[in-house]
Amino acid sequence: MIKAPPNTAQRSAIADKTAALALTPVSRETEARLNRYVALLLEWQAKTNLVAPSTLPELWTRHIADSLQLLDLAPTAKVWVDLGSGGGFPGVVLACALADTPGTSVHLVERNAKKAAFLREALRVTATPGTVHLADIGDIVERITGPIDCVTARALAPLHQLIGFAEPLVRKGAKALFLKGQDVEAELTEATKYWTIEPQLHPSRTGGHGWIVELDSIGRR
C-alpha cells in the first residue's frame, strides 16, 4: 500500500520537531518517549485545554524544546519539583529526558483534577519516573520529602509569587529555574520588594523574548 505524501500541516509539524531537536538534541530513546507524550497530549487536547490552541503548530519548539533547555542549567539534577505542571511542561518533558538516569524522580504538582489525570497517564504511557500531587502548591511543597535538586515552574504566576512557593525547597538546597516572558525585568523589580535574591538570567534558546530565571538562594525581606 502506497502511503500518501504528508499534507501541509504534517510537513509543518515535522519541520517544527526537527527545529526543536536541533535546539535541544536528545537520545533516540528520549525522542520515542516524547513522541508518545505528544500523541497523548494531542488526543487529550480535544477535550481538556492543556496548551493554548494557537501554539499547537509549534508544539515542539514552543513547549518541548522550551522545557528541555532547563537540563543544561542543572546537568546533575535528578529530583525535580514542577509547580503547576498543567499539560506537563516542563515536568513530563524532563521526566522523559531523564528516564534512563538512575535516581531520577519528578514531582508534578497540579490542583486541577483533569490535568492531574492527564499527567498520570502521560507518566504511564512514557514509562517515566514521576509522582503527581493533586494539591494546591502551598499545601504540598513542604510535605515533599527527601532531597530536591531543582524546582521549576512555567507560565504559572508572577515571579514574586513563584519565589514564595519555591522558598521552602530552595532553603533546603534546591535550585530554582523559572521560565518567564519578556516582562522579566519588571517582575524581578517587583520581586525584590519582598525577597532578597541574586538572580541569573538566561535567554531562552527558543526565542520569543523568553528568559529563564535561576535562583540558588532566597531570603525574606
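A pocket is here an open set of grid points, on a 1 Å grid over the protein atoms alone, with protein on both sides within 12 Å along at least five of seven lines. The views below show a predicted model.

**Figure 1. The largest pocket and the residues at its centre.** The space in the largest pocket of this predicted model amounts to about 960 Å³. Its lining is made up of 40 residues. Those that lie nearest the centre of this pocket are G84, F89, R154, A155 and L156.

**Figure 2. Secondary-structure elements and residue classes in the lining of the largest pocket.** Two helices, α3 (59–68) and α7 (159–171), and two strands, β2 (105–110) and β5 (175–180), each contribute at least two residues to the lining. The largest share belongs to α3, which supplies four residues. By class, 18 residues of this lining are polar, 13 are nonpolar and nine are charged.

**Figure 3. The second largest pocket.** About 150 Å³ of space is found in the second largest pocket. Its lining consists of A9, S12, A13, I14, D16, K17, L42, L56, P57, E58, L59 and W60. Helix α1 (8–23) and helix α3 each provide at least two of these residues. The greatest contribution is that of α1, with six residues. Eight residues of the lining are nonpolar, three are charged and one is polar. Helix α3 thus appears in this view as well as in Figure 2, since α3 also supplies four residues to the lining of the largest pocket.

**Figure 4. Burial of strand β1.** Strand β1 comprises residues 79–83, and five of its five residues are buried. On one side of the strand lie V79, V81 and L83, and on the other lie W80 and D82. Both faces of β1 are accordingly shown as covered.

**Figure 5. Pairing of β1 with β2 and the unit that joins them.** Strands β1 and β2 run parallel and pair over five bridges. Within this pairing, W80 has V106 of β2 as its bridge partner. Together with helix α4 (residues 91–98), the strands β1 and β2 form a right-handed β-α-β unit. Strand β2 is also among the elements that supply at least two residues to the lining of the largest pocket.

**Figure 6. Pairing of β1 with β4.** Strand β1 also pairs in the parallel sense with strand β4 (residues 150–154), over four bridges. Here W80 is placed opposite C150 of β4. R154, a residue of β4, is one of those that lie nearest the centre of the largest pocket.

Technical notes:
Residues numbered from 1 in each chain as written. Predicted model: local features only at pLDDT ≥ 70, side-chain atom pairs only at ≥ 80, totals over all residues. Heavy atoms only, no water. 1 Å grid on protein atoms, 1.4 Å probe; cavity = no way out; pocket = protein on both sides within 12 Å on 5 of 7 lines; lining within 4 Å. Points joined across faces, edges and corners; volume = space filled by probe spheres on them. Nonpolar A, V, L, I, M, F, W, Y, C, P; charged D, E, K, R; others polar. Buried < 20%, exposed > 50% of the residue type's maximum accessible area, 1.4 Å probe, protein only. Pairing = 2+ DSSP bridges. Right-handed = clockwise from strand over helix to strand, strands pointing away.
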